[in-house]
Amino acid sequence: MPPKRKVSSRIPANAASAAAYTDRAGDAPNRRSKRSKPVAKAFTKTTDPKDEIKDDAIVTQGRGGVEHQDEEVPSFDHSRLEDKVGIVDRRFYPAEMSNERCALYNANEIPRPMEILNATLASTKAAREKIHKGEAGQAVMHWFKRDVRVRDNTALSRASALAKEKGVGVVGVWIMSPQDWEAHLVSPAKCDFELRSVALLQKELAELDIPLYMETVISRKNLPQRLLDLAKEWEIKTIFCNLEYEPDELRREERLVRLGAEQGINFEPCHDDCVVPPGSLKTGAGRQYAVYSPWYRAWVAHLHANPHLLDERPMPEKNPPGFVEKFRTIFDCDVPPAPKSKALDAEQTERFSRLWPAGEAAALDRVSLFLTEKVGGYTATRNFPAKKSTASVSVHHAAGTLAARTSVRMARDVNSTKKLDGGIEGVKGWIGEVAWRDFYRHVLVNWPYICMNKPFKFEYTNIEWEYNNKHFRAWTEGRTGYPIVDAAMRCLNSTAYMHNRLRMITASFLAKHLLLDWRLGEQYFMTHLIDGDFASNNGGWGFSSSTGVDPQPYFRVFNPWLQSEKFDADGEFIRAWVPELRRIEGAGVHNPYAKGGDAEKIAKKEGYPKVVVEHRSARDRCLERYKAGLGRETA
Ligand SMILES: Cc1cc2nc3c(=O)[nH]c(=O)nc-3n(C[C@H](O)[C@H](O)[C@H](O)COP(=O)(O)OP(=O)(O)OC[C@H]3O[C@@H](n4cnc5c(N)ncnc54)[C@H](O)[C@@H]3O)c2cc1C
């Protein structure tokens with residue numbers, strides 16, 4: 001066990017605390033401090049000085065913070081390198097949370113953001129009811145966030161019902177928050193998709209005489225008060241929204257409930273994003289499930305016992321006569337342009353619009369087409385990227401142009417049993433995949449520290465990751481010398497999407513073959529995927545790197561060649577994305593340099609790279625490093 005030293009310092013929650021880090025790094029073996037310099041340079045994020053992001057908005061509290069006081073810090077504390085390698089964006093977040101603090105969450109000694117929100121909803125209940133019973137105001141507001149749709153929208157439907165009861169209309173609001181996009185690493189393709197969807201939403205709402213007011217709020221911390229100010233300006237007494245489950249968002253909504261109650265506005269957050277609201281399913285011992293299979297059985301049983309959870313939410317009604325005239329000025333808002341750091345060029349705009357039609361009509365078309373033409377063969381074919389046999393609706397689930405509830409209901413309704421289980425194998429299998437999305441959200445709510453750069457299994461913090469920039473670049477560019485990995489990464493870079501099997505292969509390759517800190521890969525995916533979604537992405541990375549909830553065991557290391565031969569047997573997917581290997585016939589395409597002959601000649605001639613790491617030795621190094629990391633005392 002490494003020697004420990006007593007640190008008697010109070011590190012402010014928001015301090016970059018370079019000195020503290022230097023100190024700690026000083027404890028580390030020389031090889032690490034030697035290595036950290038060039039690595040820091042290579043990975044540190046750069047910020048465009050022209051960008052709108054302002055320093056004043058750095059969130060100093062709120063993602064757990066660093067609250068070490070007289071703590072025991074072992075000399076090995078590899079996680080602390082995160083500051084040097086740019087894992088945590090310190091413009092927005094405090095440094096990586098300590099393992100002790102994670103343990104406190106697990107021991108229920110720190111209230112989770114959802115619990116704090118629920119407590120505030122309870123403590124403000126009387127005040128909010130009084131507002132509800134009071135004056136009608138001029139309208140009811142629905143704040144659109146990750147629910148860019150009119151149909152099957154819980155909070156919008158409730159806003160419409162309340163407006164009808166009060167004899168007023170509904171006003172829609174959508175706020176662009178460039179800092180949220182920056183902090184959440186939202187990819188330019190995803191921002192563009194959202195903006196295109198918002199433009200379509202505005203048109204759909206206009207048919208119901210509902211305006212969509214749009215505004216850009218630069219500083220994310222000002223957003224709650226700005227919403228309340230808009231409500232006051234328009235004499236609105238109630239604001240509805242659907243909940244997002246990341247800690248920052250839950251804390252923001254908690255603040256809105258509190259500030260709203262103080263300022264005479266009832267803020268009503270609704271569960272909508274999950275089919276089953278987080279917190280509804282508990283093990284026999286009353287805990288949140290950390291394993292998918294029993295959780296899934298409970299999820300199905302819960303939905304069969306509570307079928308209303310799958311009911312379509314009523315469409316909002318048309319606003320009453322005279323409403324358009326009263327709110328004329330906000331009917332003509334323009335969709336704002338993407339912030340500079342997220343803007344696409346003309347060619348990218350055209351490409352992504354063609355590949356990913358936006359809006360809820362496109363979403364419903366996609367899911368309907370899938371359920372009529374493809375779902376029957378889903379279970380048998382879903383792992384084969386070249387078959388294009390999955391629904392391709394994750395982009396819609398992520399933007400909220402399609403509710404997961406809608407997908408599950410539509411699938412249930414085409415099932416021969418009219419249930420979630422039994423009946424058609426493909427339908428059952430597909431519902432099970434959509435359920436993974438719920439599962440990872442339930443996990444996020446119960447273990448919020450996964451959103452604070454900690455692995456679910458925080459004992460894996462002490463694995464000594466590599467920060468090899470050359471390897472990372474080879475992975476991002478699709479030049480690792482492993483054709484299936486390279487094809488997948490090039491597909492991601494071009495289409496902003498990657499098939500699930502390939503996400504598992506590339507993620508496993510980064511964490512286990514290259515031994516790179518899995519959080520680098522997690523971030524790269526977020527900044528490039530059009531369907532980037534924190535909970536699903538983090539869950540997928542946790543699974544593949546064996547650091548997450550219900551992961552594959554660390555000693556299972558995917559062999560990329562075997563995966564390739566199994567799931568892209570004809571090499572169709574590889575040839576589509578790696579032109580250097582297109583002329584190779586037969587199995588040589590999976591590992592051209594090993595096969596010799598024509599395959600090797602073509603690969604060499606076309607400049608296809610040799611492997612960056614040799615499979616067997618990479619595997620051995622991985623097992624050794626994981627084992628050593630797990631044997632270490634947690635920091
Ligand atoms: C490392 C890694 C990272 C991932 N990152 C994301 C991400 O950022 N956003 C994202 O939506 N999905 C992510 N996934 C899950 C999955 O790869 C995609 O949801 C899926 O490829 C989307 O394609 P589809 O819509 O055709 O899926 P289908 O196979 O048709 O599945 C239907 C829907 O179920 C949900 N779903 C399917 N598989 C999963 C899963 N494993 N976890 C959670 N939800 C699932 C999605 O909403 C999907 O649209 C990740 C998986 C891994 C292994």
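What share of the contacts in the protein with a separation of 6 or more comes from residues 24 or more positions apart? The figure is 79%. Keep that in mind while you click through this predicted model.

**Whole chain**

Start with everything shown as cartoon. The protein has 30 helices and seven strands. Colour by burial next. Of the 635 residues, 49% are buried.

**Residues 138-275**

Select 138-275. An unreviewed UniProt entry lists this span as "domain: Photolyase/cryptochrome alpha/beta". Helix makes up 47% of the span and strand 22%. Its end C-alpha atoms are 32 Å apart.

**Strand 6**

Now select strand 6, residues 236-242. Is strand 6 enclosed or open? Seven of its seven residues are buried, so the rest of the structure largely encloses strand 6.

Add the strands that pair with strand 6. Strand 3 (139-144) runs parallel to strand 6, with four bridges between them. Look for Ala-139, opposite Ile-236 of strand 6. Then add strand 7, residues 266-270, which is also parallel to strand 6 and joined to it by five bridges. Here Phe-240 stands opposite Glu-268.

Show helix 11 (247-262) as well. Strand 6, helix 11 and strand 7 form a β-α-β unit, and the unit is right-handed.

**Met-141 and the core**

Stay in this region and select Met-141. Which residues does Met-141 contact, beyond its neighbours within four places in sequence? They are Val-171, Val-173, Ala-231, Ile-236, Ile-239 and Phe-240.

Nonpolar side chains tend to be buried together in soluble globular proteins. In this model the largest nonpolar core has 154 residues. Met-141 is one of those with the most contacts inside it, along with Val-140, Ile-239, Leu-444, Ala-488 and Ile-530. Helix 20 (residues 425-446) supplies the largest share of this core, nine residues.

**Helix 10**

Move to helix 10, residues 223-233. Show the side chains of Leu-223, Pro-224, Leu-227, Leu-228 and Ala-231, the buried residues of this helix. Why do they sit on the same side of helix 10? They cover an arc of only 140° around the axis, which puts them there.

Ala-231 has already appeared, as a contact of Met-141. The cover over the buried residues of helix 10 includes strands 3, 4 and 6 and helix 11. Strand 4 spans 169-176. Then step just past the end of helix 10. Glu-235 has a positive phi there, about 55°.

**Helix 5**

Select residues 113-123 for helix 5. Pro-113, Met-114 and Leu-117 are buried. Their arc around the axis is only 100°, which means that they share the same side of helix 5. Helix 11 and helix 20 are among the elements that cover them. Rotate to the face turned away from the buried side. Exposed residues Ala-119, Ala-122 and Ser-123 are on it.

**Ser-187**

Finish at Ser-187, in the loop between helix 8 (178-183) and helix 9 (188-206). Is this loop residue buried or exposed? Ser-187 is buried: 22 other C-beta atoms lie within 10 Å.

Next, show its contacts, leaving aside neighbours within four places in sequence. They are Ala-496, Met-526, Thr-527, His-528, Leu-529, Ile-530 and Gly-532. Ile-530 was named above among the core residues with the most contacts.

For a last distance, pick Val-375. Ser-187 and Val-375 are 188 residues apart along the chain, and 29 Å separates their C-alpha atoms.

Notes:
Residues numbered from 1 in each chain as written. Predicted model: local features only at pLDDT ≥ 70, side-chain atom pairs only at ≥ 80, totals over all residues. Buried ≥ 20, exposed ≤ 12 C-beta atoms within 10 Å, placed from the backbone. Helix = DSSP H or I, 4+ residues; strand = E, 2+ residues; numbered from the N terminus. Arc of directions from axis to C-beta. Contact = placed C-beta atoms within 7 Å. Core = buried A, V, L, I, M, F, W, Y, C linked by C-beta atoms within 7 Å. Pairing = 2+ DSSP bridges. Right-handed = clockwise from strand over helix to strand, strands pointing away. UniProt positions renumbered as here; feature names shortened; annotations may be inferred.
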